[in-house]
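Here's a small set of exercises to work through with the model open in your viewer. Try each task before you read its solution.

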Amino acid sequence: MLTKKEAAEAIRNAKVVTGVTWAQLAEAVGRPLAWTTAALLGQHPMSKDEATTAAALLELGEDVALALQTQPTRGALDTAVPVDPTIYRLYEVIQVYGPTIKELIHEQCGDGIMSAINFRLDVRRVPDPAGDRIVITMDGKYLPYQW
């Protein structure tokens, strides 16, 4: 059986060969774009129907569909500090603004955290005369610490 990492690599390759987009996969699976992309990259388990649909659209076999249904090890990057420039910039944002985000959450909501389990994510491109912008919306449920 393939690992989730091996399945994700097969999916990336199949996207190039077939020309299928993440948006087309999300529509076919019937889930949000960010969730579907994360699932196909190994961060969420998919149902049998979702996995079979995605694998078929990408012209991949049952081995990929089975791997997509297994429970993931979430948040698994190859290195502690990411080296991919796009991922590193997000890491840099958290290094610079993480303490600010924490302070604002505590001031506005109290002692607690933003859930990464009850979570929504949206990524979109916004035209701007000074150069297009990327808008990332992270929408997590507030969870108060309970002592």
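**Exercise 1. Classify Glu59 by its exposure, then look at its backbone.**

Step 1. Start with the surface: Glu59 has a relative accessible area of 66%. The cut-off for exposed is over 50%, so Glu59 counts as exposed.

Step 2. Now find its place. Glu59 sits in the loop between H4 and H5.

Step 3. Check phi. For Glu59 the angle is positive, about 60 degrees, even though the residue is not a glycine. Keep in mind that this is a predicted model, so that angle is a computed value like everything else here.

**Exercise 2. Get the overall picture of the protein.**

Step 1. Count the elements: there are six helices and two strands. Reading from the N terminus, the order is α-α-α-α-α-α-β-β.

Step 2. Put a box around the C-alpha atoms. Along the principal axes, the box is roughly 50 × 50 × 30 Å.

Step 3. Look at burial and surface. Out of 147 residues, 22% count as buried. The accessible surface comes to about 10400 Å², and carbon and sulfur atoms account for 58% of that.

Step 4. Check the contacts. Take the pairs at least 6 apart in sequence: 54% of those contacts join residues at least 24 apart.

Step 5. Tally the charges. You should get 14 positive and 18 negative side chains, with the centres of the two sets 2 Å apart.

**Exercise 3. Work out how the buried residues of H2 are arranged and what covers them.**

Step 1. List them. In helix H2 (residues 22-29), the buried residues are Leu25, Ala26 and Val29.

Step 2. Look down the helix axis. The buried residues of H2 fall within an arc of 100 degrees, so they line one face of the helix. The general rule behind this kind of pattern: an α-helix has 3.6 residues a turn, so residues three or four places apart point the same way.

Step 3. Find the cover. The buried residues of H2 are covered by elements including helix H1 (4-18), helix H3 (33-40) and helix H4 (48-57).

Step 4. See what comes next along the chain. Gly30 follows H2 and has a positive phi, near 80 degrees.

**Exercise 4. Do the same for H3, then zoom in on Thr36.**

Step 1. The buried residues of H3 are Trp35, Thr36, Thr37, Ala39 and Leu40. Their cover includes H1, H2, H4 and helix H5 (62-69).

Step 2. Step off the end of the helix. Just after H3 you hit Gly42, with a positive phi of about 100 degrees.

Step 3. Back to Thr36, which lies in helix H3. Its relative accessibility is 0%, so Thr36 counts as buried.

Step 4. What does the polar part of its side chain have within reach? A polar atom of the Thr36 side chain lies 2.9 Å from the backbone oxygen of Pro32.

Step 5. Now the contacts. Skipping residues up to four places away in sequence, Thr36 touches Leu25, Ala26, Val29 and Arg31. Compare that with the buried set of H2: Leu25, Ala26 and Val29.

**Exercise 5. Is Glu50 buried or exposed, and which residues does Glu50 contact?**

Step 1. Glu50 is part of helix H4.

Step 2. Relative accessibility comes out at 11%. Buried means under 20%, so Glu50 counts as buried at 11%.

Step 3. With neighbours within four places in sequence set aside, Glu50 is in contact with Val29, Arg31 and Trp35. Val29 is one of the buried residues of H2, and Trp35 is one of the buried residues of H3.

**Exercise 6. Describe the surroundings of one residue from each strand.**

Step 1. Take Phe119, in strand E1 (residues 112-126). With a relative accessible area of 30%, Phe119 is partly exposed.

Step 2. List its contacts. Beyond four places in sequence, Phe119 touches Met114, Met138, Asp139 and Gly140.

Step 3. Switch to Lys141, in strand E2 (residues 133-144). Lys141 is partly exposed too, at 45% relative accessibility.

Step 4. Apart from neighbours within four places in sequence, Lys141 is in contact with Ile113, Met114, Ser115 and Asn118. Met114 is also on the list for Phe119.

Step 5. Finish with two C-alpha distances. Phe119 and Gly19 are 100 residues apart in sequence and 29 Å apart in space. Lys141 and Ala8 are 133 residues apart along the chain, with 28 Å between them.

How values were computed:
Residues are numbered from 1 along each chain as its sequence is written. This is a predicted model: local features need pLDDT of at least 70, side-chain atom pairs count only at pLDDT 80 or more; totals for chains, interfaces and linings use all residues. Side-chain values use heavy atoms; hydrogens and water are left out. Buried means under 20% relative accessible area, exposed over 50%, partly exposed in between (1.4 Å probe, protein chains only). Helices (H or I, at least four residues) and strands (E, at least two) are DSSP runs, numbered from the N terminus. The arc is that of the directions from the helix axis to the C-beta atoms. Contact means heavy atoms within 4.5 Å. A polar contact is a pair of N or O atoms within 3.5 Å; within protein, one must be able to donate a hydrogen and the other to accept it, and residues adjacent in sequence count only if both atoms are side-chain atoms. Accessible areas come from the Shrake-Rupley method with a 1.4 Å probe; for residues, only the protein chains shown count as cover. Lys and Arg count as positive and Asp and Glu as negative; His and the chain ends are not counted. The place of a charge is taken as NZ of Lys, CZ of Arg, CG of Asp or CD of Glu.
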